[in-house]
Amino acid sequence: MKNLPDLRNCRWYFLGLLVLLITCVLSLTMYSKSACFIALNTYHPYGLNVFFINYTFIGDGIFALMLTALVYFYFKRKQEGVAMLISFIISGLAVQIMKNLINSPRPKLFFEAGQYLHFIDGVSLANNSSFPSGHTASAFAIATVLVIMMGNKTGHLFILLAAALVGYSRIYLAQHFLLDVFIGIIIGTVSGILSVNLAMNLKEIKASVRKIQNSKTNNNLLRSPAAVQTT
């Protein structure tokens, strides 16, 4: 690909992301799956319950598509909008494939009765398909595209914080474990980087596809009976 994004302009975002990933790795290495979950869920005031119940929607597919449409149609940032859509699709496919391959129970089914006491009333708690976190993957996919393509360096750490809070909301609401969120971060980040590369080289990719199609068409014409008779 000829056009590649300059990630040096996003160094604070990726540095903060690296710190976040290292923290997750250390926590997962030092503590068990259940211990990490409970340690991250010791404080559950009513205000935070309300906040995270509503905030987690940022990682929802509907929000991602609405934001993509806003960027593409309202702000007329078509390349950025295309990259966001591609990142959403790639991350979503990766998550669904892994969910179907790995049947991991969510916290509601994982913990025995009385072992965890902070399940929130009114929050729908699915029992399976915990690994990985789709909301987290979607949030980090969109965040990575925004950071790389929008060019507003002052907001990079804010965008990282916003995406990280989506991941934490999934743990807080007892939908996922830390490992689910960690893998979601990686899927989303990789999807975002790949999507930016694809969006920036979309014209070249289309030209290559047309060239291949034309080449096949010409070869088929040369091999046709009519072409053989004329020769």
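# Briefing: helix H5 and its buried charged residues

In this predicted model, helix H5 has 24 residues, which at 1.5 Å a residue should span 34 Å; the C-alpha atoms at its ends lie 35 Å apart, so the expected and computed values agree. Helix H5 covers residues 78–101 and contains lysine 99, a buried residue that has no salt bridge. The points below set out the chain as a whole, helix H5 and its cover, the charged side chains, and the backbone features of the loops.

**The chain as a whole**

- The chain holds eleven helices and zero strands, and its pattern along the sequence reads α-α-α-α-α-α-α-α-α-α-α.
- Buried residues make up 39% of the 231 residues of the chain.
- Among contacts with a separation of 6 or more, 84% join residues that are 24 or more positions apart.
- The accessible surface amounts to about 13,300 Å², and carbon and sulfur atoms account for 66% of that area.

**Helix H5 and its cover**

- The buried residues of H5 are Glu80, Gly81, Ala83, Met84, Ile86, Ser87, Ser91, Val95 and Lys99.
- The cover over these buried residues includes helix H4 (61–74), helix H7 (134–150) and helix H9 (178–200).
- Helix H7, one of the covering elements, is itself mostly covered, with 15 of its 17 residues buried.
- The first and last C-alpha atoms of H7 are 24 Å apart, close to the 24 Å expected for its 17 residues at 1.5 Å a residue.
- Methionine 98 also belongs to helix H5; its relative accessible area is 23%, so this residue counts as partly exposed.
- Beyond residues up to four places away in sequence, methionine 98 touches Phe131, Pro132, Ile183 and Ile187.
- Methionine 98 and serine 129 are 31 residues apart along the chain, and their C-alpha atoms are separated by 8.9 Å.

**Lysine 99 and arginine 106: buried charges without a salt bridge**

- For buried lysine 99, the nearest side chain of opposite charge is that of aspartate 180, at 7.3 Å. A salt bridge requires a side-chain nitrogen of Lys or Arg within 4 Å of a carboxyl oxygen of Asp or Glu, so the 7.3 Å separation from aspartate 180 does not qualify.
- The side chain of lysine 99 instead reaches the backbone oxygen of proline 132, at 2.9 Å.
- Leaving out neighbours within four places in sequence, the contacts of lysine 99 are Arg106, Ser129, Ser130, Phe131, Pro132, Gly134 and His176.
- Arginine 106, one of those contacts, is located in the loop between H5 and H6.
- Arginine 106 is likewise buried and without a salt bridge, and its nearest side chain of opposite charge is again aspartate 180, at 6.9 Å.
- A polar contact of 3.3 Å links the side chain of arginine 106 to the side chain of histidine 176.

**The salt bridge**

- Side chains of opposite charge can pair when their charged atoms come close.
- The count for this model is one salt bridge: arginine 77 and glutamate 80 meet through their side chains at 2.7 Å, N to O.
- The two partners are covered to unlike degrees, because arginine 77 is partly exposed at 31% relative accessibility, whereas glutamate 80 is buried at 9%.

**Backbone features in the loops**

- Most residues other than glycine have a negative phi, and most peptide bonds are trans.
- The peptide bond from phenylalanine 131 to proline 132 is cis, with omega near -10 degrees.
- Proline 132 lies in the loop between helix H6 (107–110) and H7, and its backbone oxygen is the atom reached by the side chain of lysine 99.
- Lysine 76 is not a glycine, yet its phi is positive, at about 60 degrees. This residue sits in the loop between H4 and H5 and is exposed, at 61% relative accessibility.
- Alanine 174 also has a positive phi, near 60 degrees, in a residue other than glycine. Its place is the loop between helix H8 (156–172) and H9, where alanine 174 is buried with a relative accessible area of 1%.

Terms used
Residues are numbered from 1 along each chain as its sequence is written. This is a predicted model: local features need pLDDT of at least 70, side-chain atom pairs count only at pLDDT 80 or more; totals for chains, interfaces and linings use all residues. Side-chain values use heavy atoms; hydrogens and water are left out. Helices (H or I, at least four residues) and strands (E, at least two) are DSSP runs, numbered from the N terminus. Buried means under 20% relative accessible area, exposed over 50%, partly exposed in between (1.4 Å probe, protein chains only). Lys and Arg count as positive and Asp and Glu as negative; His and the chain ends are not counted. A polar contact is a pair of N or O atoms within 3.5 Å; within protein, one must be able to donate a hydrogen and the other to accept it, and residues adjacent in sequence count only if both atoms are side-chain atoms. Contact means heavy atoms within 4.5 Å. The expected span of a helix is 1.5 Å times one less than its number of residues. Accessible areas come from the Shrake-Rupley method with a 1.4 Å probe; for residues, only the protein chains shown count as cover.
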